[in-house]
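Biologist: I am new to reading models like this one. May I ask you why each label is used, one at a time?

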Amino acid sequence: MGKYEEPPTPDAAADRVEEALKLIEGRWKLVILFQLFGGRVVRFSEFERAIPGISQKMLAQQLRQLERDGLVSRVVYAEVPPRVEYRLTAWGQSLCPALDGLLRWAATREALTDGAPGS
């Protein structure tokens, strides 16, 4: 992990956050990541069963992008038929606290707006 340096301006900070969000944007990426949190190792067919509505093509595309961006690692075993497993990289696993923070932040909003008129 690299050393964190404070962005010099608010614009630079916004740019960095936008870059980070681009890594996880897409209809299925967050669902895939949450399937892998906690050190889980998941096979392609397990993703298909766990994520109703995702096509094989889209699942493969999203996994390739996550792998390319360094969040997910892919291991292919030389078996017949080939077994392919996915897991988070250390950097991918380090995303868990940030997403947990977003979940808590969203829950706070829900709590603040429950039953509040005009919210």
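Modeller: Gladly, and let us begin with Ile-24, which touches Lys-29, Leu-30, Leu-33, Leu-71, Leu-95 and Leu-99, leaving out residues up to four places away in sequence. A contact here means heavy atoms within 4.5 Å. This is a predicted model, in which local features need pLDDT of at least 70 and side-chain atom pairs count only at pLDDT 80 or more, while totals for chains, interfaces and linings use all residues. Residues are numbered from 1 along each chain as its sequence is written, and side-chain values use heavy atoms, with hydrogens and water left out.

Biologist: Why is Ile-24 called buried?

Modeller: Buried means under 20% relative accessible area, exposed means over 50%, and partly exposed is in between (1.4 Å probe, protein chains only). Ile-24 has a relative accessible area of 11%, so the word buried applies. Ile-24 sits in helix H1. Helices (H or I, at least four residues) and strands (E, at least two) are DSSP runs, numbered from the N terminus. Its C-alpha atom is 9.6 Å from that of Gln-62, although the two are 38 residues apart in sequence.

Biologist: What makes Gly-92 buried or exposed?

Modeller: Its relative accessibility is 0%, so Gly-92 counts as buried. Gly-92 belongs to helix H5, residues 90–93. Apart from neighbours up to four places away in sequence, Gly-92 touches Phe-37, Gly-70 and Leu-71.

Biologist: And Arg-40, how do you know whether to call that residue buried, exposed or partly exposed?

Modeller: Set its 38% relative accessibility against the two limits: the value is in between, so Arg-40 counts as partly exposed. Arg-40 lies in the loop between H2 and strand E1 (42–43). Its contacts, leaving aside neighbours within four places in sequence, are Gln-35, Glu-46, Tyr-86 and Arg-87. The C-alpha atoms of Arg-40 and Tyr-86 are separated by 8.5 Å, with their places 46 residues apart along the chain.

Biologist: What about Val-41, in the loop between H2 and E1?

Modeller: Val-41 has a relative accessible area of 32%, so Val-41 is partly exposed. Val-41 touches Glu-46, Glu-85, Tyr-86 and Arg-87, not counting residues up to four places away in sequence.

Biologist: What makes a group of residues a nonpolar core?

Modeller: The group must be a set of buried Ala, Val, Leu, Ile, Met, Phe, Trp, Tyr and Cys residues joined through side-chain atoms within 4.5 Å. The largest such core has 22 residues, and Ile-32, Leu-33, Phe-47 and Val-72 have the most contacts inside it. Helix H2 (29–36), helix H3 (44–50), helix H4 (56–68) and strand E3 (83–88) each supply at least two residues of this core. H4 gives the most, with four residues. In soluble globular proteins, nonpolar side chains tend to be buried together.

Biologist: Which residues does Phe-47 touch?

Modeller: Not counting residues up to four places away in sequence, Phe-47 touches Ile-32, Gln-35, Leu-36, Val-42, Leu-59, Leu-63 and Tyr-86.

Biologist: Why are Phe-34 and Phe-37 called an edge-to-face pair?

Modeller: Rings of Phe, Tyr and Trp (its six-membered ring) pair if their centres lie within 6.5 Å; planes under 30 degrees apart count as stacked, over 60 as edge-to-face and the rest as tilted. For Phe-34 and Phe-37 the centres are 5.2 Å apart and the planes are at 90°, so both tests are passed and the pair is edge-to-face. A search of the whole structure finds two aromatic pairs. Phe-34 is partly exposed at 41% relative accessible area, whereas Phe-37 is buried at 10%.

Biologist: How do you know that the charged end of Arg-83 sits over the ring of Tyr-77?

Modeller: The rule asks for NZ of Lys or CZ of Arg within 6 Å of the ring centre and within 35 degrees of the ring normal. The charged end of Arg-83 is 3.9 Å from the centre of the Tyr-77 ring, so the distance limit is met, and the pair is listed as sitting over the ring.

Biologist: Which peptide bond is cis?

Modeller: The one joining Val-80 and Pro-81, with omega about -10°. Pro-81 is in the loop between strand E2 (72–77) and E3.
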